[in-house]
Amino acid sequence: NTNIRPSSRDPRGIAHSRDAMREDLLRALDTLYHQQDEDARRGADKWLSAFQKSVQAWQVVDSILHDPSSPAEAKYFCALTLRTKCQNELEELPLESIVSLRNSIVQLLLRLQAGDGLIRTQLCLALVAVVSHSSAPSIWDGRNALQWYLSQINAAGGEMAKNATLEFLKILPQEAFSPSSCLRPGRRREFYKEAIMSSVEAVQILAQYCVASSSAREMEKLLEAYASWLKVNQGITINISLISDHPLTKVALQGLEDDSLFDSAVTCTIELIWYCKPDNNGRIPEEHRPLTTRVVAAVVSLHPLLKSTGAHVVEGNNSADVDEEVLKGVASLFAELGDAFMPLVVTGTPEMIPLLEALIDVAAHPNNTVCAMSFQFWQLLSEELLDDQSRCQQSQLQFFQTVFSKLVQYLCLCLVEPEDFETWRPDQKSEFKFGCESVAETLHAAGLILGGDTIISLLASPLQEVASAVERGVAFEWRNAQAIMYCIQWMSNCPPSATNATFASILNLALLLDKPNSMAYTSTMLIASYADWVSLALESKLPGLPQPAYIMEKLSERLNNQQIAGAASLAIRHMCKACARELGTFLDALLHLLRQAVCFVDSKNSEEGQSKPSGLNASNLLHISEAVGFVIAGQPPETQEPALMRFTELLLGQLNVRLEEARNGKPTSSRQWFCYIDPLSAVFSVQNPRGAPSVSTAYMQALPGIDAVLTSLPHDEIIAEHACRVVKYAVKVGTRAADFGIDILHPSLEFLHKHYHLGNHACYLYATSELVKTFSKTRSSKLAALVSEMLQTSCNLLSNAEAVAAYPDVADDTFSLAGRCIAYAPQLLEQGKVLSPLAQGARVAILVNHKDANIGSILFLQRLLKAISRPADPDAHWLPGVARDASLSSGKGEALMVKILAAIAGALPEDRLEDLGDLLHAVLLVAGQEAVGWAGTILERVPSITANKDECRQFADCISAAASQTIRIEELMIGVWEFAVLCRRSPRSRDTVISALLS
C-alpha cells in the first residue's frame, strides 16, 4: 500500500532491520515523488529527514546504491545522503569503516552508466569529503589520496573510470578551496596544503587525458578541472613554464573561439590571466612574457565580437544571433584582465590602450548586465590614480581624463528610461533603478578624476538644447535630459567651481522641469545635491544664479505632488541648511508651510482622513521641521530667540488644541501625536549654543503637553521614543551653554522617571543615560535616588532569561545606563547596592539570543570588571570591592566563564564573537590565573566529537598567555575564532558542546 506513511517506523530504532528500513525508504521516496496527498508527502519528507540523520542510513544507502534494480530517484537520494553524511558525520565512524566506505564509493563510481552524471557528482563529492576528513596514511595505503585513487581507477580502466576521474579531479581542488565542508580548522589547513602539493601531479594527469581526448564534452570537463587546480595552487608549486607548455592552456585560449568550449575556456582563461599579472610596480617577469603575450592577445582578439554584438543590439537587428552569455563571458574576461593588470594600466603605457578601449566598449554596451561588468575596474582605476596622483605625469593624467570623459558620456546612455518604462512590472523597475545606482557609483569615481567643471562642460550641451526648447515652449526628449541630470546629481561630490555660469543655467532649468513626475523628481534631487554649491556661488556673486528664496518657492510648489513631495522636502531641508542666513526673510513662509504640513499629516493619520490623497507624510514633515530649525539657527542673536519662540508658539498652540479635542472625546490615533512631537526634536537638534536659552524655554513650555500625551497613552512605546528625542536634543543644546542645562535636569529626570514606571519603555532608560553622561559632574542626591530606583525597577523586571527575552530593549538600555553610571558618575549608584542584581541580570542576558541585549550586557560587564582595577575615586572608593563581589566572587566568575565559552562555542551567532573576546580578555586581566583555572576546568567538559584534547589544550594555552599578558588581545581573538569555528563546523558538533557546557 503506497499510502502507508513511512513515518510510522522510527528510523533511529536499533531493533529495526536494515531490509525493513530499506523498504520504508523506498516507500517514502515513492510517496514524496509520486503521490498527490499533501499530508502523506509531508509525512514522507519528515521521515526522510530523520532517516538522513540516523546511524543506520550509512548501510541502507550503501545497499540501495549497490543494487542495480534500485530506481534512479532512490539512487540519487542515497548518493545525496551519502555525500551529506560524509561531509558532516564522517568523524563518528571508526577507521576500518572509513576504509570500507572509501572502497565502496570507488566501486560505485566504476559501475555507473553514461546517464548517471548527477549521481556520479554526488559520489565524487562524498569521496572528496572522505579525503578532506582523513589524513591518516593507513587509509590511503601510505600514499596521498590522489595517488591512491588513480591506482584504483587505472586498475579498472574503461570509459566509466575516465568519467569518474575527470569529475574527481574537478571537485577535489574546488572542495579544498571551499569553506563549506565541516572540517576542523587544523585539518582544513592540512587539506588545503595537501591539494597544493598534489597540484603538479594533477595537472600532469590532465595533460595526458587532454592528448588522448577528442570529445568536446570531455575537453570541457578537462578545462574545468584545470581551472580548479590553477585556482587552488595560485602559483605556489605550479611554475609558469608548466602552464605555458600545458596542452590545456592552448585548448583554453583556442576555446575562446569555439562555441562548444567557450564557457569553460573563459573560466580557465581567467585563472591564466591571474598567473600572468604584473607585480605591484607594473613589471612582468621575463619568464612570464611569452604566456602573457598569448593570453592578452587571445582576450583582446574578442574585442571585435563585443563591438559587433553591441552594434546589432543598438540597431535592433533581431536577425543577429546574439548570445547574452557569450557577451557576459567576453566582458568578464576584459574586466578580469583590467583588474589583474591594474599596476600596468595606471602607468598609461601604450600597450594598455587596446585593453582600455575594450573596457570602454564594455561600459558602452547597451546590455546593462554586460555594461555593469566593467564598473569594478573603473572604480578601482579611479582609486589607484588618486592614490598615485603625485607620481603621475601631467600627460598621463590628461590621457586618463580623456578616457574617463568617454566613460561618462557612455554611462549617461545607461540611465535613459525606456519609453515603455511605466508599463514595466514593479520588480523590473526596481532592477532598473538598482542598475542606475551601480552606474552612479562608477560616475562618482569618474567625477573624482575629471572634476566638476569638466563634467559640466561634457554634459551641458544637450541640456542647453532642452533649455532652448522649454523657453520656446516646444516638446523635447525629456528622458535624455533626465539621464544627464541624474549623472550630474551623482557627481555632486566633485561640484564645479562657484563661478561656473553654465551650471547656474542648469539649476535654472532644473527649477522649470516639473513634468513629467520622473523628470521632476530627478531635477529636484539635483537641486538638493547642490545646495552647498548654491551657498558658495552666492558668496561669489555669480550672475544668473537663482536666488534661494526663488528656489524655495519653486520647491514648495512641488510639495503638492505626491510623487515628488519627498524629494522636494529633502531639497528644502538642504537649501535651508546651506543658505540659512540668506533665507531669514523666508521664515514666515516656512512657518506657514510647517503649519500646513502639521495639519495635513494630522488629518491624514486620523481615521476620517485616511482616504485623503496627500503629497506629504511624516518623513516630509521632519524635513520641513529641520529646514525651519536651520533657518532659525542661522539668524543673528537678536532675531534667533524671537524666531524660535514663534515656532514654539505655533506648534504648542496646535498641540493644545488637539489635546483639548482629545479630552472632549474626539477620536485620536496614536500616530497623530507624532506631527506635534517630532518637529520639536527636529528643530532642537539643529540649534547652536547661542540658542540654548531659547531652547530651554521652549522645552520647558512643551514638556507639560508631551507629558499629557504620554499619560494618556502610557503603553505606546513608539510615542515614548519620539518624546524622548525631544528630551535628548533639548538637553544636548542646553548643555552647550553654561547655566542653562542644569535648569532642565531635574524636570527632565522627573519626567523620565514618572513615565518609566508607567510604561517600562526602554527609551526612558536610554534618555536617562544621556542625562547621566551629560551631567556626570553634577552632585545631586535627587539624581542619584531616581537613577538607582529606575535601575532597581529594571532588575525586578529582568529576573530571568524569559523576562530578558521578553524585554530585550529594556535589558540593553538598563545595562547602558548602569555602564554609564560606572564610567562617568559612580556616585549615582548609592554605594553600589544595585550592582549585584545588575551583574546577575547581565550574566543571564549574555545567552539570550537578542543582539542588543547581548551586546549591552557584555559591555556592562566589561565596565564592571574594569572598575575593579580602577584608580581610587574619592566619590566612589567603595566601587572596586563592590564590583569584584558582584562579578567574580562566590562562584560568579566561573559561572560567567562558562557562559562566555558556551557563547563562543555557538550559543550566540558569529557576529558576537568580537564582543565575547573582549569580555573574555577583561575577565583574564582582572582574575588572572584564577580565570585560567576556570577555563581549563570548563574546557575539560568539551566532548571529543567537538574538539579533542589537543585542540582544547591549544585554546587553554592561548587563554593562559592572554592572562599573563604575554600575547596581545588580537592574538587572543585569533584563538577565540579558531575555537568558535571548531565548535560550529556542524550543527551536531555545536549542539553537543553547548549541551555539555551548560548542563
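A salt bridge here is a side-chain nitrogen of Lys or Arg within 4 Å of a carboxyl oxygen of Asp or Glu. The model is predicted: local features need pLDDT of at least 70, side-chain atom pairs count only at pLDDT 80 or more, and totals for chains, interfaces and linings use all residues. Residues are numbered from 1 along each chain as its sequence is written, and side-chain values use heavy atoms, with hydrogens and water left out.

**Close-up A. Lys851 and Asp911 form a salt bridge.** Their closest N and O atoms are 3.8 Å apart. Lys851 lies in helix H43 (residues 851-868), while Asp911 sits in the loop between helix H45 (892-907) and helix H46 (913-927), so the pair ties together parts that are 60 residues apart in sequence. Helices are DSSP runs of H or I with at least four residues, numbered from the N terminus. Lys851 is partly exposed, at 41% relative accessible area. Asp911 is also partly exposed, at 46%. The cut-offs are under 20% for buried, over 50% for exposed and in between for partly exposed (1.4 Å probe, protein chains only).

**Close-up B. Glu324 bridges to Lys328 within one helix.** The closest N and O atoms of this salt bridge are 3.7 Å apart. Both residues belong to helix H17 (residues 324-340). They are four residues apart, about one turn of the helix. Glu324 is partly exposed, with 33% relative accessibility.

**Close-up C. Glu194 pairs with Arg187 in a salt bridge.** Here the closest N and O atoms are 2.8 Å apart. Arg187 is buried at 9% relative accessible area. Glu194 is partly exposed at 33%.

**Close-up D. Lys85, Glu89, Glu92 and Arg988 share a network of salt bridges.** The whole structure holds 40 salt bridges.

**Close-up E. Phe177 and Tyr192 make a tilted aromatic pair.** Rings of Phe, Tyr and Trp (its six-membered ring) pair if their centres lie within 6.5 Å; planes under 30 degrees apart are stacked, over 60 edge-to-face, and the rest tilted. The structure holds 16 aromatic pairs. In this one, the centres are 6.2 Å apart and the planes meet at 55°. The pair links distant parts of the chain: Phe177 in helix H8 (residues 159-177) and Tyr192 in helix H9 (residues 185-197), 15 residues apart. Phe177 is partly exposed at 36% relative accessibility. Tyr192 is partly exposed at 23%.

**Close-up F. Phe421 and Trp424 form a tilted pair.** The ring centres are 5.3 Å apart, with 55° between the planes. Phe421 is buried, at 4% relative accessible area. Trp424 is partly exposed, at 23%.

**Close-up G. Phe377, Trp378 and Phe404 form one aromatic cluster.**

**Close-up H. Two charged patches lie on the surface.** Patch residues have over 30% relative accessible area and no salt bridge; like charges are joined within 9 Å, and nonpolar side chains (Val, Leu, Ile, Met, Phe, Trp, Tyr) within 5 Å. Areas come from the Shrake-Rupley method with a 1.4 Å probe. The negative patch gathers Asp258, Asp259, Asp263 and Asp323. Asp263 lies in helix H14 (residues 262-276). The positive patch gathers Lys732, Lys773, Arg863 and Lys866. Lys732 lies in helix H36 (residues 717-734) and is partly exposed at 35% relative accessible area. Lys and Arg count as positive and Asp and Glu as negative; His and the chain ends are not counted. Each charge is placed at NZ of Lys, CZ of Arg, CG of Asp or CD of Glu.

Key
Helix = DSSP H or I, 4+ residues; strand = E, 2+ residues; numbered from the N terminus.
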